[in-house]
Amino acid sequence: DEVRFLPDLKESGGKGVRDLVNSWIGSFFNVATLFKRLDNEGTYLREIHSDQSVKMLLAIINETLEKNEEACNAVRTKYETFSYLWLTDLNAHFTAFLADAQYTSPNGQQLLDLNKFTAAICKYEGIRDQINQFQSPMDVGWLRINTQPIKSQLMTWTSKWIDLYMRHLKKTINEKLTALDKFMSQVTVGLDVEVEPDTEAGKKALMAVMEDIRDVRKAIEVNQEIFKPLQESLNILKAHGTDIVLLEKIGGKLVQDYLDEAPLAWDSVVK
């Protein structure tokens with residue numbers, strides 16, 4: 001849940017970058033232990049440690065490490081600005097978004113505000129494109145940072161955000177057209193029933209037909225107003241890389257084919 005360097009820039013149980021540099025310095029100091037002193041027992045290690053020129057070099061190395069760590073942390077900060085991608089609860093966010101991205105139509109049904117869906121999709125596509133432009137690998141001072149792992153994770157998260165909105169558009173299209181297909185099939189069968197006059201069965205059949213006629217009349221304007229937004233939803237999906245041929249079929253037909261034929265099919269039911 002955080003952006004971090006592997007290995008760590010500081011000392012880290014012998015595995016950090018500082019540990020590595022310290023081991024290099026230690027190996028140089030170790031040379032002083034290879035020669036015995038001429039004046040007495042021991043090595044020249046104390047003299048090496050106390051030498052002013054060596055101290056100066058150690059100070060330069062330490063300063064260089066600190067500056068390099070600052071530069072590396074600046075790179076990490078750049079990636080941490082996208083932490084909301086994985087820290088935000090997707091479901092809670094989308095619930096709040098959806099509450100503001102719907103409106104009530106003149107006929108009283110809830111329809112999606114497609115402008116807000118398009119804006120949200122474009123926003124996260126823009127973030128994905130921005131992340132994709134980040135250099136990988138990148139050289140910072142004397143270190144080369146492989147940023148591909150964090151880039152790949154961020155690209156995956158932006159895709160999850162985009163899919164959040166795209167998936168709801170697909171779901172809405174499927175639910176609306178499936179309900180329409182079921183309703184048209186139901187009333188078509190009901191309206192084709194032959195009514196036998198002056199019989200109990202005929203009276204029941206007539207009542208059923210009248211109920212279907214009532215339902216059709218009530219649904220005329222409601223169904224007519226969904227065709228345009230559903231087509232616009234399909235256009236959004238196509239514009240953002242969805243192969244609509246792969247969407248779940250409606251009534252055995254491709255979604256686009258069904259939607260193209262739906263207005264005429266509905267008109268035939270009404271007439």
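Read along the sequence, the chain of this predicted model runs α-α-α-α-α-β-β-α-β-β-α-α-α-α. The secondary structure amounts to ten helices and four strands. The chain has 271 residues, and 34% of them count as buried. Contacts were examined between residues at least 6 apart in sequence; 65% of these join residues at least 24 apart. The exposed surface of the chain is about 17300 Å². Carbon and sulfur atoms supply 55% of that area.

Charged side chains were considered next. Side chains of opposite charge can pair when their charged atoms come close. A search of the whole structure returns nine salt bridges. Three of them are described here, among them the pair formed by Glu-69 and Lys-10.

The side chains of Glu-69 and Lys-10 form a salt bridge with an N to O distance of 2.8 Å. This pair links distant parts of the chain, with the two positions 59 residues apart in numbering. Glu-69 belongs to helix α3, which spans residues 52–80. Lys-10 lies in the segment before α1, and α1 covers 17–29. Glu-69 has a relative accessible area of 7%, so this residue is classed as buried, the limit being under 20%. Lys-10 is partly exposed, at 45% relative accessibility. The bridge therefore joins a buried glutamate to a partly exposed lysine. Glu-69 and Lys-10 also belong to a network of salt bridges that includes Arg-18.

A second bridge connects the side chains of Glu-47 and Arg-37, again at 2.8 Å from N to O. The two residues are ten apart, and the pair links distant parts of the chain. Glu-47 sits in helix α2, residues 45–50. Arg-37 is placed in the loop between α1 and α2. Here the arginine is the buried partner: Arg-37 has a relative accessible area of 17%. This value falls under the 20% limit, so Arg-37 counts as buried. Glu-47 reaches 34% and is partly exposed.

A third bridge pairs the side chains of Glu-261 and Lys-253, with an N to O distance of 2.5 Å. Glu-261 is partly exposed, at 38% relative accessibility. Lys-253 is also partly exposed, with a relative accessible area of 35%. Both values lie between the 20% and 50% limits, which means that neither Glu-261 nor Lys-253 counts as buried.

Definitions and conventions. Residues are numbered from 1 along each chain as its sequence is written. This is a predicted model: local features need pLDDT of at least 70, side-chain atom pairs count only at pLDDT 80 or more; totals for chains, interfaces and linings use all residues. Side-chain values use heavy atoms; hydrogens and water are left out. Buried means under 20% relative accessible area, exposed over 50%, partly exposed in between (1.4 Å probe, protein chains only). Contact means heavy atoms within 4.5 Å. Accessible areas come from the Shrake-Rupley method with a 1.4 Å probe; for residues, only the protein chains shown count as cover. A salt bridge is a side-chain nitrogen of Lys or Arg within 4 Å of a carboxyl oxygen of Asp or Glu.
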